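This report introduces a molecular structure to a reader who has not met it before. Please consult the sequence and the three-dimensional view shown here while reading.

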Amino acid sequence: MPSPVLEVRGLKKHFVVRRGLFGRESAWVKAVDGVDFAIHPGETLGLIGESGCGKTTTSKLILLQETPTAGSIAFEGRDIAGLAGAELMAYRRAVQVVFQDPFSSLSPRMRVRDIIAEPLEIHTDLARAAIDERVGQVLELVGLTRDVAPLFPHEFSGGQRQRVAIARALATDTRLIVLDEPVSALDVSVRAQIINQLEHLQRTLGVSYLFIGHDLATVAHISHRIAVMYLGKIVESADSDALCARPMHPYTKALFAAALPSRPGDRTESGTIVGEIPSPLSLPTGCRFHPRCPSAMPVCSEAEPSLQRREGAGLVACHLY
Ligand SMILES: Nc1ncnc2c1ncn2[C@@H]1O[C@H](COP(=O)(O)OP(=O)(O)OP(=O)(O)O)[C@@H](O)[C@H]1O
Ligand code: SF4
Ligand SMILES: [Mg+2]
């Protein structure tokens with residue numbers, strides 16, 4: 001297997017928050033609490049888990065919008081913490097993002113041409129004519145036409161706007177795109193079109209994706225491998241087909257059994273997962289999933305299971321195995 005585009009090792013992000021009268025007490029939110037994964041060239045890694053489990057924080061660490069509390073992120077073999085100058089610029093060109101909501105992520109006052117040209121103007125020294133040509137190329141790549149360049153975002157449908165966001169992400173010499181719930185805000189009828197477009201672009205360009213989502217069916221469809229996250233930790237990761245055929249971790253099984261609540265406080269209808277996600281300010285002892293786990297044993301509240309490779313499966317963190 002070729003070496004990874006991105007390799008994350010022991011990654012942590014703990015936020016300090018003030019509590020109590022006059023905010024004197026401080027507590028830690030362990031949003032990302034020791035995460036390891038790798039993404040290979042042309043591969044899609046799906047990252048799935050309930051609201052608040054640390055998916056977006058993980059993506060912000062990769063996008064240099066947050067600084068890790070511990071751990072490392074290596075891009076094409078280089079630790080990104082040590083990048084500066086031209087190398088840092090090259091990293092910012094190579095790793096791009098598409099957010100959930102194309103209505104708020106695209107500036108309403110900018111024309112599509114300028115939205116897509118912006119990363120080229122910041123990160124390259126291309127002349128205006130060359131930038132216009134590149135804008136036209138990426139518009140065609142994402143299934144739009146060159147003549148939409150002068151339009152404003154409000155002149156597009158939701159799906160078309162997300163295509164503009166993808167075009168912007170592809171404008172530079174992009175090797176990895178972080179897709180943070182890119183279809184969650186779209187009509188169901190449009191979602192499949194955008195997913196198909198992303199798959200087509202990957203086959204054509206060899207770009208890698210970190211695909212973040214709540215919806216297991218969508219994540220499983222587009223991903224080669226899936227990492228399941230719960231309260232800041234990865235509890236299971238495996239090839240997409242293997243994970244769907246034989247989920248091992250009780251949380252992954254519950255993800256398959258029930259539509260997960262997409263917002264804190266929402267309830268699942270089947271009740272497969274009992275209770276709400278614990279507060280990240282006071283994490284359960286032992287296995288973080290034990291208060292909600294239908295298979296919990298006495299050891300589960302005492303010892304935290306580590307992520308181990310299981311025979312015929314991927315990595316699982318659970319005392320059952
Ligand atoms: N700047 C911050 N300060 C304090 N806590 C934060 C901060 N950013 C995120 N958090 C907390 O970290 C945890 C993880 O948040 P994150 O946004 O990464 O979750 P998520 O998995 O992306 O959720 P969602 O599915 O709702 O997008 C949450 O408890 C969140 O409240
Ligand atoms: S370690 Fe125990 S509580 Fe945690 S998922 Fe496995 S069985 Fe459930
Ligand atoms: Mg998020």
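The following paragraphs describe the sheet, the helix that packs on it and the surroundings of the ligand.

The structure is a predicted model. Its open sheet comprises 4 strands in the order β2-β1-β4-β5, with antiparallel pairing. The edges are occupied by β2 and β5 (78-79), each of which has a single partner strand, so one side of each lacks a neighbour in the sheet. Helix α1 packs on this sheet and touches β1, β2 and β4. The direction of α1 makes about 70 degrees with that of β2.

The table lists the strand pairs.

| Strand pair | Sense | Bridges |
|---|---|---|
| β1 (residues 6-19) and β2 (residues 25-39) | antiparallel | 12 bridges |
| β1 and β4 (residues 70-75) | antiparallel | 5 bridges |
| β4 and β5 | antiparallel | 2 bridges |

Individual residues illustrate each pairing. R18 has S26 in β2 as its bridge partner. L6 stands opposite F75 in β4, and F75 in turn has R78 in β5 as its bridge partner. F75 thus appears in two of these pairings, with L6 and with R78.

The ligand site draws on both the sheet and the helix. Ligand 1 is surrounded by 13 residues, of which F15, A31, S51, T56 and T57 are the closest. At least two residues of this shell come from each of β1, β2 and α1 (55-62). The largest share, 3 residues, is supplied by α1. By character, the shell around ligand 1 consists of 6 nonpolar, 6 polar and 1 charged residues.

Key:
Residues are numbered from 1 along each chain as its sequence is written. Chains are lettered from A and ligands numbered from 1 in the order in which they are written. This is a predicted model: local features need pLDDT of at least 70, side-chain atom pairs count only at pLDDT 80 or more; totals for chains, interfaces and linings use all residues. Two strands pair if DSSP finds at least two bridges between them. A residue is near a molecule or strand if its C-beta atom, placed from the backbone, lies within 6 Å of it. Ala, Val, Leu, Ile, Met, Phe, Trp, Tyr, Cys and Pro count as nonpolar, Asp, Glu, Lys and Arg as charged, and the others, Gly among them, as polar. Two residues are in contact if their C-beta atoms, placed from the backbone, lie within 7 Å. Axes are lines fitted to C-alpha atoms, for helices over the stretch in contact, and angles run from 0 to 180 degrees between N-to-C directions.
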